[in-house]
Amino acid sequence: MVGAAGRNAETIRLTDEQERVVGHGGGPLLVNGGPGSGKTRVIVERVARLVSEGIARPENIFCMTFTKKAAGEMSRRLKDIRDATLAQQNTGIPENLDVTRVWVGTIHSLGMEILKENSDITGVSEGTSVFDSLSRLAWCFKTADSLGIDQNVIRMNAAGCAKVLRGIQQAKRELLSVEKIKERMNHALNGKERAGLNGRDLADLDESAKRLNELVKVYEAHEKHMADNDMIDYEGMVGRAADLLYSSENVRGRYHNAYVIVDEFQDNNYAQFQLATLLAGSGNIMVVGDRDQSIMEFQGAYSSIFQDFEERYPGCTKIDLEKNHRCSDNVRAVAGLLKECGTEPAVPHTGGPGGATAGDGPVGIDDVAPGVLGPANTVTPADAPPNPGIVAAIAPDETTEREFVAAAISGMVRDGTKPDVAVLCRTNAACRRFAEALQARGVLVEPGNTGIPMGDPQISEILALLHIAASPETSGSEIALVLERRGIGASNIRTINCAARRMSPNRRNDRVFEALRVYEGDQGPEVREIRERLEGMHADAAKSGLPATLHDIMLKHTDAYRRNANESGYESARNRAVLGRLYDMAERYNRHYPYDTLLDFVEYAKFASGAMAADPGLLDSDSAEPAGGVSVLTIHKSKGKEFRNVFVTGLHSGANRRNERDVIPAWALERDNSGADASEQNLLYVAMTRAQAGLCLTCPLETDGRSRSPLGFLDLVCSKPYVRRIALSPVEMAAPAAPDPLEARIRDVEDAACRAVRESRLGAAAGRLAELSMLRRMQGGADVDLPDSLGIDARRAVDILEAPHPPLVDHGSLSLSASKITTYQRCPLQFKYRYVLHVPERPAMPLDKGRIVHKALEGMGRGQIGTEEAIRAAQDEMEDVRCSHAERDYKHARPALETAIRNYVAWEEASPVRPQKIGVEEKFETTIGGVRYTGKIDRVESYPDGTYRIVDFKTGSSNITIKSIRQDGADHTIREPQACIYAHAAGEKYGSLPAKFAFVYVEQVSRRNGCTTREYDIDAESLQNGIKAIEECTQDILAEAFGAKPDGQTCRRCPYQPICPDAIHG
């Protein structure tokens, strides 16, 4: 293999320290490197060196990362090395020299893989499901009252459950089992050390033991629930793998040649450290991190992990990477001052640190904010006024701080392109306030991590409709909300409610729904239209499960998705994220509790909202798609990112909110955890070193009505000549002018009319438009053009013109597949809804049936299960999803499972000479048109003459013909995207193109082949032409060509028909 010397010298030139890391042969190695020091690069280069010099086989190298994104970046770089090697030689690369065969992933995925490989011991298999945070929260909601928890010790409300679940996570990250905690409790309460404690210490000990005793009850039930239901949580993936390696010499022996590499070592917790060191039994382990960036203590990271490594491996090689290749000299200098001075508060004063303006008085934000750091995306021109790139701004209060940052950024972003700028805050609440200030100035902001805000109008309305769908007889308050949101006047709502009171309501029926039927007021037609839609929704819900009902409400009975899926900008992106989070919660809840009612889920959604507010860490990951705007992040969320310009806010005393670490008391921990909390210094060091060129540090001298002092290091920063010092004058926020009542009414009616059209309530739309016409005449303007107003794309006349929309598709992170390209070719707008905006789809039985059949065929293809076992397992899985589908769909699909599996067996036996299987569910990754494509090939079979074919199993009926696959003549092309992409990827993987490609339809019987089969030849010319067509699609996707392709059959089957402005109905 071509190593470092075989690639472009400029690209791979290493510093002396980096070369020492890359050239390290074996034995423990500790690398400490600061921001931008090339840590990922030395990992990749060292892997290439280990493989190319034959020191280690690729399959024995394990690269563990902290995030999936980091794993993806590392895999991409290794693939680049492999591709560069292929470009320089005509032959393929031997397996023992192929760096893409190195294992790269998160430490959780590695733990899971180890457990699956030893399923005979662990019981963890492909069928084991992940007990993620939302699933765990649903379990806690359902079982909290049955666990016998003393509510005087721990209240099991939303916040209490969040705290208990966090305690369980902490215990598992410390490798504390239930038995170990009980043992520690017994020792603490009865041990001899107790005699040396004074009264207060004894009381504290007893109080913490009481809390821990209640937590153990939940912990024990939590572990039993997972064991009974074949589930595992993320902490269990690591902890159980570490326990397995520790207890089984045979398992350890399987990895005796392992070379272990751990990235972001400072972020690892105790269990992760144990897993890594146990895996590296031979001592070939390299850890890479930065002591000064240890800030993830709330996830179990601890500052003494570097010391633990040195104690585990005495005499280990230690190398420091000191050169920062990311930040400018000035940014590095300021970060160095922080390390030198620390973060103690300065002596309180009001003039800014160090006489911040060098004799000048405070200045207004409009005088200094524009251009304070220069343009957002480009280097300042040589003829521009000198800009040091470092600014320290002292504001008299929080409002002035926010307005200054917003004014500065709005002055930087002028051309509508995505700005390379970030605002970093201490808390999520501060992020929201800065985002609002930026939006008020017309700056597009990236949506942050989203929970389920119950106060959000779209969420409250959706949950109200769910309540009505389940029980219209007891939904009086929910009906009132729906009526108000649909423009029914308050006096008419009162009339309806008064009528209900006269009908003798009781607990089982508040009579409001009945009162809708007898209402005959001035809005009678609109109320009747609303009532009829609610009745239809209730009838549909009786025949559907939770996900299907929620999907219909989101797409048919409200304008939530129709409005947000067809618009761009921060609000639309945020709203889509919130809706996606709610739908995801519903799917997971339904998966675990399929026979619960809609009302049960409504109560759970409220509970989950409170738990997420109490502990934002319950959210596994951000669900919002990028909006192309300014990033407003907590400092923790900025880890691993970099920006040209960064604003670090809130640099005042008393700002650091410590995460709760006392759920498990110190005396119960496996080890001394006294140094686990990340220091304020590390937190701010991470924040400042996200900046490449421009850095602005801001400090308000008053927050929440309390005086604050700047952090002490700001005095030292402001004394440096390369720092621009600014003291800001207070901003007086003018009270908003009272709106003109007539204009406000016109806006409300316009909104109501547009919403009625989006929800297909044409009677209400006509009424609103008639009212709008009258109001416009009163205003002295022209009548409304009714036909135009009825159009789906009608815009409010008072809408503010929006800035150019940023790109929805990020070239760098775009990943495609055969199914995605097929969707795009069928309808680009459907592709946008499904894969760009992630609008949820109604549960579809064909998809669930196909997934279940493919899983069964994979197990049989690998020889793991027999025919009868596969049928039983498939039928069991079908039972799990039964509640998500109509009963008629279930009754049709269940027998089809057995048919498909037995047809597959007949297909296997049909040919007297079956080609040899050389691959089952083979994963691949390839590049087409500069974009990453991934997928799995169901089966690869080789023929005696050395050629091979690709087989793809299909459920359902055959809709692919040889003619649709291939068009001969002048256009000699493979037209089926899956065939093209799979053949292209297989050619890269196996060094030659497949001779044939076959679609096998396992639900359709064929006397000749056992199953209906569509097989055809592959040749280089037809494949090349097919790849060109896919490249054209890829470029169209990057260009965001998402126009609809209306077609009767496509639209009829499309799950997004209710929100598509171009859909063909009927």
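Helix 33 and helix 40 are roughly perpendicular to each other, a class that covers angles of 65 to 115 degrees, with those under 35 degrees counting as roughly parallel, those over 145 as roughly antiparallel and the rest as oblique. In this predicted model, the axes of helix 33 (residues 818-826) and helix 40 (residues 1020-1038) come within 11 Å and cross at roughly 75 degrees. Axes here are lines fitted to C-alpha atoms, for helices over the stretch in contact, and angles run from 0 to 180 degrees between N-to-C directions. Helices (H or I, at least four residues) and strands (E, at least two) are DSSP runs numbered from the N terminus. Ile 821, Tyr 824 and Gln 825 of helix 33 meet Ile 1030, Cys 1033, Thr 1034, Asp 1036 and Ile 1037 of helix 40, contact being defined as heavy atoms within 4.5 Å. The residues of this contact divide into five nonpolar, two polar and one charged; Ala, Val, Leu, Ile, Met, Phe, Trp, Tyr, Cys and Pro count as nonpolar, Asp, Glu, Lys and Arg as charged, and the others, Gly among them, as polar.

A few words on conventions may help: residues are numbered from 1 along each chain as its sequence is written, and side-chain values use heavy atoms, with hydrogens and water left out. Because the model is predicted, local features need pLDDT of at least 70 and side-chain atom pairs count only at pLDDT 80 or more, while totals for chains, interfaces and linings use all residues.

Beyond helix 40, the loop leading to helix 41 (1048-1053) holds Glu 1040. Glu 1040 has a positive phi of about 60 degrees although it is not a glycine, and at 25% relative accessibility it counts as partly exposed (buried means under 20% relative accessible area, exposed over 50%, partly exposed in between, with a 1.4 Å probe and protein chains only). Arg 511, also not a glycine, has a positive phi of about 70 degrees; its place is the loop between helix 21 (490-501) and helix 22 (512-518).

Turning to the interior, the largest nonpolar core has 128 residues, and those with the most contacts inside it are Met 156, Leu 466, Met 554, Phe 601, Tyr 604 and Ile 981. Such a core is a set of buried Ala, Val, Leu, Ile, Met, Phe, Trp, Tyr and Cys residues joined through side-chain atoms within 4.5 Å. Its largest share, nine residues, comes from helix 27 (residues 598-614). Leaving aside residues up to four places away in sequence, Phe 601 touches Leu 466, Leu 546, Leu 582, Met 585, Ala 586 and Tyr 589. Apart from this core lies another, of 40 residues, including Ala 241, Leu 244, Leu 245 and Leu 275.

The structure also holds 50 salt bridges, each a side-chain nitrogen of Lys or Arg within 4 Å of a carboxyl oxygen of Asp or Glu. In one of them, Arg 173 pairs with Glu 235, the closest N and O atoms being 3.4 Å apart. Arg 173 lies in helix 8 (residues 158-173) and Glu 235 in helix 11 (residues 234-247), so the pair ties together parts that are 62 residues apart in sequence. Both residues are buried, and a network of salt bridges links them with Arg 136, Lys 172, Glu 223 and Asp 233. Glu 535 and Arg 531 form a salt bridge at 3.5 Å between the closest N and O atoms; both lie in helix 23 (residues 524-543), four residues apart, about one turn of the helix.
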